[in-house]
Amino acid sequence: MSLRLVLTVLVAANVVTALAVVHARHRHRQLFVELTALERARDELNIDFGRLQLEQATWAESNRIDQVARDRLGMRFPEADETVVVRP
């Protein structure tokens, strides 16, 4: 092999390697931006989930259910003479 051919192959290999490094860095930056966006979305969803858990706990409180049963449905506890005990 001539020195000129070896030099040409080495220069070509160097250019290909440099392009591969540039491509890898660019892809890394793209993936980092995507990761950051996904982490932000995850954090927002966690905040929403916490808020919804609190709201669910508020709606499920027994005194709230009792209040809705009395106000909207007209329900009440039966009087003693209205209670019937059924024995087997």
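**Charged pairs and a nonpolar patch**

R70 is partly exposed, with a relative accessible area of 38%; on this scale, buried means under 20% relative accessible area, exposed over 50%, and partly exposed in between, using a 1.4 Å probe and protein chains only. The model is predicted, so to speak of local features a pLDDT of at least 70 is needed, side-chain atom pairs count only at pLDDT 80 or more, and totals for chains, interfaces and linings use all residues. Residues are numbered from 1 along each chain as its sequence is written, and side-chain values use heavy atoms, with hydrogens and water left out.

The side chain of R70 meets that of D66 in a salt bridge, at 3.1 Å from N to O. The term stands for a side-chain nitrogen of Lys or Arg within 4 Å of a carboxyl oxygen of Asp or Glu. Both residues belong to helix α2 (residues 62-71), where a spacing of 4 residues sets R70 and D66 about one helical turn apart. Helices here are DSSP runs of H or I with at least four residues, numbered from the N terminus. D66, like its partner, is partly exposed, with 34% relative accessibility.

In total, the structure holds 5 salt bridges. Another of them joins the side chains of D48 and R51, at 3.7 Å from N to O. This pair sits in helix α1 (residues 3-59), with the two residues 3 apart, or about one turn of the helix. D48 is partly exposed at 33% relative accessible area, and R51 is also partly exposed, at 46%. The pair does not stand alone: D48, R51 and E55 are linked in a network of salt bridges.

A further salt bridge is formed by the side chains of D43 and R42, at 3.0 Å from N to O. Here too the partners are partly exposed, D43 at 38% relative accessibility and R42 at 46%.

Attention now turns from charged to nonpolar side chains. M1, L5, V6, V9 and L10 make a nonpolar surface patch of about 520 Å². Patches are made of residues with over 30% relative accessible area and no salt bridge, like charges being joined within 9 Å and nonpolar side chains (Val, Leu, Ile, Met, Phe, Trp, Tyr) within 5 Å. Accessible areas come from the Shrake-Rupley method with a 1.4 Å probe, and for residues only the protein chains shown count as cover. Within this patch, V9 is found in helix α1 and is partly exposed, at 48% relative accessibility.
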